[in-house]
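Let us walk through this structure together, one residue and one strand at a time. Have the sequence and the 3D view open as you read.

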Amino acid sequence: MRSLNRELNTVTPEVLTFTPTLLFGGAATGIVYSVQSGTYAKIGNAVFINLRVATTTKSSSTGAATIGGLPFAVSGATVSCTIRCGSTVTFSGQLQAYIDTGASVVNLQQITEAGTSGNLTDANFSNISSITLSAHYSV
């Protein structure tokens with residue numbers, strides 16, 4: 001068992017890249033990015049992602065804000081994400097980001113002090129906006 005443990009401790013996962021896309025109402029018409037990067041590592045059925053999107057021109061699309069382009073869909077329970085937005089993304093209360101079971105899109109929401117939640121939309125973003133996000137989930 002000791003030799004197996006040593007081998008497992010020396011496994012270095014390969015870090016690969018993907019291209020995340022900021023979407024409004026499922027579309028990204030006219031967005032110009034200054035940063036659009038994502039990395040992930042897959043170990044067995046576990047996926048670890050980190051992404052950052054930053055825009056210089058906001059989309060002309062409207063509707064709920066999501067981030068698409070994740071490398072794999074979630075196969076288990078809905079996953080919460082760690083999120084950080086730049087100061088030009090406005091919201092009430094706190095941010096929440098999650099990926100639904102079977103999906104490969106991150107949903108972005110705001111939770112007010114009163115406890116009600118609602119989707120972030122194109123109205124919450126300015127031309128110069130940024131989002132950084134991390135998550136891990138099962139596939």
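A good place to begin is C81, which counts as buried because its relative accessibility is 12%, under the 20% cut-off for that label. Please keep in mind as we go that this is a predicted model. C81 is found in strand 6. Leaving aside neighbours within four places in sequence, C81 is in contact with A97, Y98, I99, V106, L133, S134 and A135. T55 is another matter: C81 and T55 are 26 residues apart in sequence, and their C-alpha atoms lie 21 Å apart in space.

One of the contacts of C81, V106, leads us to the nonpolar core. The largest such core has 28 residues, and those with the most contacts inside it are I49, V106, L108, F125 and I131. Which elements give two or more residues to this core? They are strand 2 (21–24), strand 4 (46–57), strand 5 (65–68), strand 6 (79–85), strand 7 (94–99), strand 8 (106–111) and strand 10 (130–138).

I131 is a handy residue to follow from here. Its contacts, apart from neighbours within four places in sequence, are L22, L51, R52, V53, I67, I83, R84, C85, L108 and F125. Now step back to S130, whose place is in strand 10. Is S130 buried or exposed? With a relative accessibility of 16%, S130 counts as buried. Setting aside neighbours within four places in sequence, S130 is in contact with R52, V53, A54, R84, C85, G86 and V89.

Next, have a look at the aromatic rings. The structure holds three aromatic pairs. One of them is formed by F18 and Y40, a tilted pair with 6.2 Å from centre to centre and 55° between the planes. This pair links distant parts of the chain, with F18 in strand 1 (residues 15–18) and Y40 in strand 3 (residues 32–43), 22 residues apart. F18 is buried, and Y40 is buried too.

Then turn to the rings of F24 and F125: their centres are 5.1 Å apart and their planes are at 70°, so this pair is edge-to-face. Because F24 lies in strand 2 and F125 in the loop between strand 9 (117–119) and strand 10, the pair ties together parts that are 101 residues apart in sequence. Both of these phenylalanines, F24 and F125, are buried. F125 is also one of the residues with the most contacts inside the largest nonpolar core.

Back at F18 and Y40, there is a further ring to add, since F18, Y40 and F72 form one aromatic cluster. F72 has a charged partner as well: the charged end of K42 sits over the ring of F72, 5.8 Å from the ring centre.

To finish, trace the strand pairing around strand 3. Strand 1 and strand 3 pair in the antiparallel sense over four bridges, and V15 stands opposite A41 in strand 3. On to strand 4: strand 3 and strand 4 also pair in the antiparallel sense, over eleven bridges. Here S37 stands opposite R52 in strand 4, and R52 is a residue we have already met among the contacts of I131 and of S130. What do strand 3 and strand 4 form, and how many residues lie between them? They form a hairpin with two residues between them, and G44 in the turn has a positive phi of about 60°.

Methods. Residues are numbered from 1 along each chain as its sequence is written. This is a predicted model: local features need pLDDT of at least 70, side-chain atom pairs count only at pLDDT 80 or more; totals for chains, interfaces and linings use all residues. Side-chain values use heavy atoms; hydrogens and water are left out. A nonpolar core is a set of buried Ala, Val, Leu, Ile, Met, Phe, Trp, Tyr and Cys residues joined through side-chain atoms within 4.5 Å. Buried means under 20% relative accessible area, exposed over 50%, partly exposed in between (1.4 Å probe, protein chains only). Contact means heavy atoms within 4.5 Å. Rings of Phe, Tyr and Trp (its six-membered ring) pair if their centres lie within 6.5 Å; planes under 30 degrees apart count as stacked, over 60 as edge-to-face and the rest as tilted. A charge sits over a ring if NZ of Lys or CZ of Arg is within 6 Å of the ring centre and within 35 degrees of the ring normal. Two strands pair if DSSP finds at least two bridges between them.
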